[in-house]
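Work through the exercises below with the structure open beside you. Try each task before reading its solution.

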Amino acid sequence: MRILVMAAGSHGDVAPYTGLGAHLRDAGHGVVLAAPETFRELVAGSGLDFRPLPVDPRGEGTRPTGGRSELLARAAAFIGQLGDGLADAAAPGADLLLLSTTTAPLGWHLVEAMGVPSMGVYLQPTLPTREFPPVVGGARSLGSWGNRAAGALGQRVVDRLHAEAARRLRARLGLPALSQTARRRAVERANWPVLHGFSPTVVPRPADWRQELRVVGNWWPHVAEDYRLPTEVEDFLRDGPPPVFIGFGSMAAGQGERLSALAVEALRRAGVRGVVQAGWAGITGAGDGVLTVGELPHARLFPRMAAVVHHAGAGTAAAALRAGVPSVPVPVTADQPFWADRLTRLGAATAPVRFAELTADRLAEAIRQAVEEQRLRARAQGVARAMAGEDGAGRVAEVVVAMGR
């Protein structure tokens, strides 16, 4: 089949689809991944064909300042850029569309226009449930009725954010006028299938979800089998005890100077070596026992760490668990408090340290706890063993085969 995968957002919103796409390609399908131009090299490196989306992921939710209204405003601007890009990427045609959490609301209109099968491949549990609150609303449960009601309200907010972009997209595609809410409800009535790429050990499938909503396990970013860490990194890792990783991915742009000083001081106070990832914040680590790195595959780096300090994005949180390494979650925004809470509940992480309250003292204490308390590592390793038996990409491939019959 000619499969078009559409993903948009930050690195963590796109990278897992390189592994999913590579798996489908190896199964004999022709796979194209549409993603922001920023990720052209990432996609090409996985051996997939690339189609650009004209959105700037650095403008969407990467700054920790501002409240909910600012987050919604940035999301609306991002969505406004996305519609035409999705249409352009789909213009050459496909036999099957796979839509991520961020591309599905507009992708549903493409599916209607193209008349081809489609499926959601989500990295977050976004559908309402009694079992937990909306993933972008924090981690505190509102009770079974409150959780479900808040989830429904969240869907209406998402509908409003997509309303204007959906109107323009439908006009471009020659489709009759239809509101975003009406299109979503039509998709739900049709029992549109969604496969969720996270571990059921971390988030068990809610009992009140319809049958077509499944949790299949992670699909991981593509890493070549012969990939080796850079020599500088290998030399550093071999030169002493396992270090602690500190990185905030696509978060905290513009706060590099503050975070650099904070990270180095926290590592010094905790008495550990560190690998500091620059990320979009531009963090650097200067001092004995500290190495600054760029983007490196978590699958190769994290198993060599004593602990991982991260922003608790879905992909990074899962990568730490996969490596069997304890986490220090420092959630910033969006779904990160949800994943941070899940890590802590699993017993594989310290209590979350909110980014807004991050200090060298707090971070140093959390690092010491993560490194010294063996129960955290033992629990992380237990979760890693459970995840090792899951094959999210393989499960997606099975459904793709069934859809192609």
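The exercises deal with a sheet, the helices packed on it, and some salt bridges.

This is a predicted model, in which local features need pLDDT of at least 70, side-chain atom pairs count only at pLDDT 80 or more, and totals for chains, interfaces and linings use all residues. Residues are numbered from 1 along each chain as its sequence is written, and side-chain values use heavy atoms, with hydrogens and water left out.

**Exercise 1.** State the strand order of the open sheet of five strands and find its edge strands.

Solution. Strands are DSSP runs of E with at least two residues, and helices are runs of H or I with at least four, both numbered from the N terminus. Two strands pair if DSSP finds at least two bridges between them.
- Step 1: the order is S10-S9-S8-S11-S12, and the pairing is parallel.
- Step 2: strand S10 (290-293) and strand S12 (327-329) each pair on one side only, which makes them the edge strands.
- Step 3: from one strand to the next, the twist averages 15 degrees.

**Exercise 2.** Describe how strand S9 is joined to S10, and which strands helices H7 and H8 touch.

Solution. Contact means heavy atoms within 4.5 Å. Axes are lines fitted to C-alpha atoms, for helices over the stretch in contact, and angles run from 0 to 180 degrees between N-to-C directions.
- Step 1: S9 (residues 274-277) runs parallel to S10, and four bridges join them.
- Step 2: opposite Val-275 stands Leu-291 in S10.
- Step 3: helix H7 (residues 231-238) packs on the sheet and touches S9 and S10, with its direction at about 155 degrees to that of S10.
- Step 4: helix H8 (residues 256-270) also packs on the sheet, touching strand S8 (244-246), S9 and S10; its direction makes about 165 degrees with that of S8.

**Exercise 3.** What parts does the salt bridge of Glu-234 and Arg-304 tie together?

Solution. A salt bridge is a side-chain nitrogen of Lys or Arg within 4 Å of a carboxyl oxygen of Asp or Glu.
- Step 1: the closest N and O atoms of Glu-234 and Arg-304 are 3.0 Å apart.
- Step 2: Glu-234 lies in helix H7 and Arg-304 in the loop between helix H9 (298-301) and strand S11 (307-310), so the pair ties together parts 70 residues apart in sequence.
- Step 3: buried means under 20% relative accessible area, exposed over 50%, and partly exposed in between (1.4 Å probe, protein chains only). Glu-234 is buried at 15%, while Arg-304 is partly exposed at 31%.
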